[in-house]
Amino acid sequence: MVAARGSEQAGGGPFQRSIQEYEGKTVADTFNELSSSEKGLTGEEAQERAKRFGKNELIEEKVNPFLKFLGYFWGPIPFMIMIAMALSAVIGHWEEFVIIMVLLFSNAIVGFYQERKAGNAIEYLKQRLAPGARALRDGKWESIPARDLVPGDVVRLRLGDIVPADVKLFNGQYLEVDQSALTGESLPVEKKESDVSYSGSIVRKGEMDALVVTTGANTFFGRTTRLVGETRTTSHFQRNVVKIGNYLIVIDAIMVSLVFIATVLRQQSLLDALQFALVLTIAAIPVALPAVLSVTMAIGGIALAKKEAIVSKLVAIEEMAGVDVLCSDKTGTITQNKLTLTKIIGYGGAIESEVILNAALASRAEDNDPIDNAILQGTDAADGVRERLGHYRITEFVPFDPVIKRTEAQVVNGGEEFRVAKGASQVMLGLAENRERIEAQVRKDVEEMAALGYRTLGVARREGDKWRLLGLIGLHDPPRPDSARTIQKAQQMGLEIKMVTGDHAAIAKEIAQEVGLSTNIIPSDSFATMSEEQAADAVERAGGFAQVFPEHKYRIVELLQERGHIVGMTGDGVNDAPALKKADAGIAVEGATDAAKSAADIVLTVPGLDVVVDALVESRKIFQRMINYSIYRISETIRLLFFITLSIIVFQFYPITALMIVLLALLNDLPILMIAFDNVFYSAKPERWDMRVLLMVATYLGMIGVVVSFIVLYIGLEVFHLSPSALQSFIYLKLSLGGHLVLLVARTKGPFWSIRPAPQLLWAIVLTQTVATILVAFGILLPQLDLVYVAFIWAESLLVFVITDLLKVRLYDVLIKRGMVTRGISGEGMP
């Protein structure tokens, strides 16, 4: 029986002892208390305990959906809509009251639905990023989700793992864990057999087995902290779009104030003027802005997830739009990470079979490490080595440590005992007692193999107190077949790729040459002693970096950011986490440790650079959709406010009614959500927020709309001699049709036909404008308009659409010649 099974804790669920109660117990006593053993649990036992103890996770408190929905009726915009409803009721305009109420509820329903949709997308992405654990079940090591662990499970903890539960350590030399986030200790803490380790700690060094003692809310972390909701990061782009919203509100407030003052001075109906002013404000404010942002981000995140790039923060997608320098790992990203043993060189009389034998003794098959696998497979080709391996017994194994750059093993063969190591050639040479005699030859051999693109490892053996370098082994990791093409595409997009590798500079240069990267590769220690200015110059000019340790990556990112670059950085190891966090876009590559994944903005689940480029393309497309929406929204606000305000002040005429304004907001804003699906041209260079160009284009289109609207007003008055009510329907149809046609103009820098709109967007426009036409043609809610005038507005709007598009193209031609914007690359047919 598991300890204290009969006890129940407050709040429901079985009671588990705190981790502190296990600190003084022996490993044997802990196993006995939890009814487990070093062989772990059976699948049946694990299922039974899972039913009793629940999932190994902290349950986040969810906000009541109904209360969240009510939240959409709280705020400045909903309050203004409610005031407009109240004024409509006081005046007795019940049709307007109903329509305004529909606007209020439609905004709430759409916003609630889209937030839930974005929330579900985030939840889906979080599930893809859930940490895993290596557990011993039914006598076999299995990879399972960490949330499925139960007390009594035996798990394997390795370098880079996040400790999945509170555990008791056994069976291993030591662990060095970073538990600063839990205890505030600034330095990693060394743990040995019988010590405990807390859930959420990060393994920095070593490898041990561990017994799970407490899970979920009963862990040290669960007992001492409360799970808080994810902090919503506001990206640079979102902040600028909000600034646009504020800018529009200011313009609207000024114009509405002028209308209100003019109405009061002319002693017209105060309630009519106040209601009209409020409704005009509602129509001009970008009420669809939050929904457009959330839907676009959610769709982008799901599209990337389908391409095996999981975003941990949705805003990271658009942040990548500005990345102009990508520091990319060589191994597994640019190359295939499929190593083969190609060459063996012995020193001091050591023959090839002796070198490969000792390298194999310093390797371990169960770790499934690419280097170890290549060496062990290489023993098959060496005479008798595979058979001889069975005569040796490993009494201690030290896994690879990225700080000391080697693995070690203590070996016993009969009465003979010795230690072997393999690792970076420069590190192993530094250990060797025979260094002075062979250093020149070793460096020459390393250079020669590196020139062929081979990665070299040193193999050393220690008998007594002295290490002896036995030889070098050459491993070849060829470039991925798609790397050169992907890099060329990235360069065409204005992205500079700098290779980052722990290998020798000559290897990096050879691979760089093969894939089309700059061969100006510098060793990472070359800028360590430079001044800040010199180091920044060197890093900015370099095409890549060799012999890089994890701490160098952080420095590289920092120096590039100081020069104004937006930096993306790839990484996979626990020590890469600071650099991934520091980078503007941290990217954890396929096979990354849990620590690296938790620090990264984007996690790749397949190897290669093409997924990174896909993320860049997607981010630039999202950015462009937001630009298109912003241009449309600003130009429409300028057109609507300036036209209506000048009509009222100068001509003392209300060109449309308050009800018509509400219908414009209702029919024109809701389809804008479909812009998240639109096909766009994405920028051929990294995106930068340029408010000057944005306002210039939007104001240009908006003023064209103002002029055309007055021409239509003149035709309605002086040519067709329409009655005031028919003239208002005439103008309403013009404003409704013209608004969505402006969206089709704003979505491209070239002619409107240069890239077809997404079906979702096109059909949304067609359906809403059909509804607007039916309303005026059949006199539903609005004064009826003869079909001949309806046909005129359609013909005029389409003609003006073509003319406006031609004028827009001329403006962009001027801006492109001046280098202010780029034409862009087609994103049609892409997610």
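These legends go with close-up views of a nonpolar patch and a sheet in a predicted model. Residues count from 1 along each chain as its sequence is written, and side-chain values use heavy atoms, leaving out hydrogens and water. Local features need pLDDT of at least 70, side-chain atom pairs count only at pLDDT 80 or more, and totals for chains, interfaces and linings use all residues.

**View 1. A nonpolar patch on the surface covers about 610 Å².** Val250, Ile254, Leu258, Leu646, Ile649, Val650 and Phe651 make it up. Patch members have over 30% relative accessible area (Shrake-Rupley, 1.4 Å probe), with nonpolar side chains joined within 5 Å. Helix H8 (236–265) and helix H24 (610–651) each chip in at least two residues, and H24 gives the largest share, with four.

**View 2. Here's Leu646, sitting in helix H24.** Leu646 is partly exposed, at 36% relative accessible area; that label runs between buried (under 20%) and exposed (over 50%).

**View 3. Six strands line up as an open antiparallel sheet.** The order is S10-S15-S14-S13-S12-S11, and strands S10 (340–346) and S11 (393–401) are the edges, each pairing on one side only. Pairing takes at least two DSSP bridges between two strands. From one strand to the next, the twist averages 20 degrees.

**View 4. Strands S14 (454–463) and S15 (466–476) run antiparallel over 10 bridges.** Arg455 has Leu475 of S15 as its bridge partner. Helix H17 (435–451) packs on the sheet and touches S10, S14 and S15, contact being heavy atoms within 4.5 Å. The direction of H17 makes about 15 degrees with that of S15, on axes fitted to C-alpha atoms, with angles from 0 to 180 degrees between N-to-C directions.

Key:
Patches are made of residues with over 30% relative accessible area and no salt bridge: like charges are joined within 9 Å, nonpolar side chains (Val, Leu, Ile, Met, Phe, Trp, Tyr) within 5 Å. A salt bridge is a side-chain nitrogen of Lys or Arg within 4 Å of a carboxyl oxygen of Asp or Glu. Buried means under 20% relative accessible area, exposed over 50%, partly exposed in between (1.4 Å probe, protein chains only).
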